[in-house]
Amino acid sequence: MKKRVTGIGGLFFKTKDPKAAKDWYKKHLGFNTDDYGCTFWWKDKEGNDCSTQWSPFTEDTKHFEPSKKDFMFNYRVENLKELLATLKDEGVTIVGDMEEYEYGKFGWILDNDGNKIELWEPVDKAFL
């Protein structure tokens, strides 16, 4: 397998009031927020358009389960299907099934501390 993680795809966290969090970050830090949070655009070293997502979630979200943490990291990967198979062979806990959307493929694993990690094989051009 050539590459595994290629960058940070997003930072997701729980908050009492996601709208208030988005408004605060927009007002004080200039985040260009929408319903999902804020998308940061950048170019990789080959000049390709890439994005990193920042998203507040409600305190009662089930999206981070089975982790009990108030956050979840999302990492960009090159070949999700191959990576998930490799990680499974290495004894890493896979959570759920891979999901595919027009903006990419998603899979989830648990790290050695039980933190849920989202792996994303992005289709960045779907956001442009």
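## Strand pairing and the central sheet

Two strands are taken to pair if DSSP finds at least two bridges between them. In this predicted model, strand β1 (residues 5–15) and strand β5 (residues 71–77) satisfy that criterion, being joined by seven bridges. The two strands run antiparallel. Individual partners can be named along this pairing: L11 has F73 in β5 as its bridge partner, and V5 stands opposite V77, also in β5.

Strand β5 also pairs with β8, here in the parallel sense and over four bridges. Within that pairing, N74 has E118 in β8 as its bridge partner. Strands of a sheet pair through backbone hydrogen bonds, in either a parallel or an antiparallel arrangement.

These pairings belong to an open sheet of eight strands, whose order is β2-β3-β4-β1-β5-β8-β7-β6. The pairing across this sheet is mixed. Its edge strands are β2 (33–34) and β6 (94–101), each of which pairs on one side only. Helix α1 (residues 18–29) packs on the sheet and touches β1, β2, β3 (37–43) and β4 (49–58). The direction of helix α1 makes about 130 degrees with that of β4.

## Annotated span

An unreviewed UniProt entry lists residues 7–122 as "domain: VOC". In the model, this span is 19% helix and 49% strand. The C-alpha atoms at the two ends of residues 7–122 lie 11 Å apart.

## The setting of P122

P122, where the annotated span ends, is placed in strand β8 (residues 116–122). When neighbours within four places in sequence are left aside, P122 is in contact with R76, V77, Y103 and G104. One of these residues, V77, is the residue in β5 that V5 stands opposite.

P122 can also be related to S51. The two residues are 71 residues apart in sequence, while their C-alpha atoms are 8.7 Å apart in space.

## Salt bridges

How many salt bridges does a search of the whole structure find? The search finds three. Side chains of opposite charge can pair when their charged atoms come close.

The side chains of E90 and R4 meet in one of these salt bridges, with an N to O distance of 2.8 Å. This pair links distant parts of the chain, its members being 86 residues apart. E90 lies in the loop between α2 (80–89) and β6, whereas R4 lies in the segment before β1. E90 is partly exposed, at a relative accessible area of 47%, and R4 is also classed as partly exposed, at 34%.

D23 and K19 form another salt bridge through their side chains, again with 2.8 Å from N to O. Both residues belong to helix α1, and because they are four residues apart there, about one helical turn separates them. D23 is partly exposed, with a relative accessible area of 39%, while K19 counts as exposed at 53%.

K43 forms a salt bridge with D49, and the closest N and O atoms of this pair are 2.6 Å apart. K43 is exposed, with a relative accessible area of 52%. D49, at 33% relative accessibility, counts as partly exposed.

## Cysteines

The structure holds zero disulfides. C38 is in no disulfide, and the nearest cysteine sulfur, that of C50, is 16 Å away. Why does C50 form no bond with C38? The sulfur of C50 is 16 Å from that of C38, its closest cysteine sulfur, and is therefore too far for a bond. The relevant cut-off for a disulfide is a pair of cysteine sulfur atoms within 2.5 Å.

Are these cysteines buried or exposed? C38 is buried, with a relative accessible area of 2%. C50 also counts as buried, at 4% relative accessibility.

## A cis peptide bond

The peptide bond from E65 to P66 is cis, and its omega is near 15 degrees. P66 is found in the loop between β4 and β5. Of the two strands that flank this loop, β5 is the one joined to β1 by seven bridges, and β4 is among the strands touched by helix α1.

How values were computed. Residues numbered from 1 in each chain as written. Predicted model: local features only at pLDDT ≥ 70, side-chain atom pairs only at ≥ 80, totals over all residues. Heavy atoms only, no water. Buried < 20%, exposed > 50% of the residue type's maximum accessible area, 1.4 Å probe, protein only. UniProt positions renumbered as here; feature names shortened; annotations may be inferred. Contact = heavy atoms within 4.5 Å. Axes fitted to C-alpha atoms, helices over the stretch in contact; angles between N-to-C directions. Salt bridge = Lys/Arg side-chain N within 4 Å of Asp/Glu carboxyl O.
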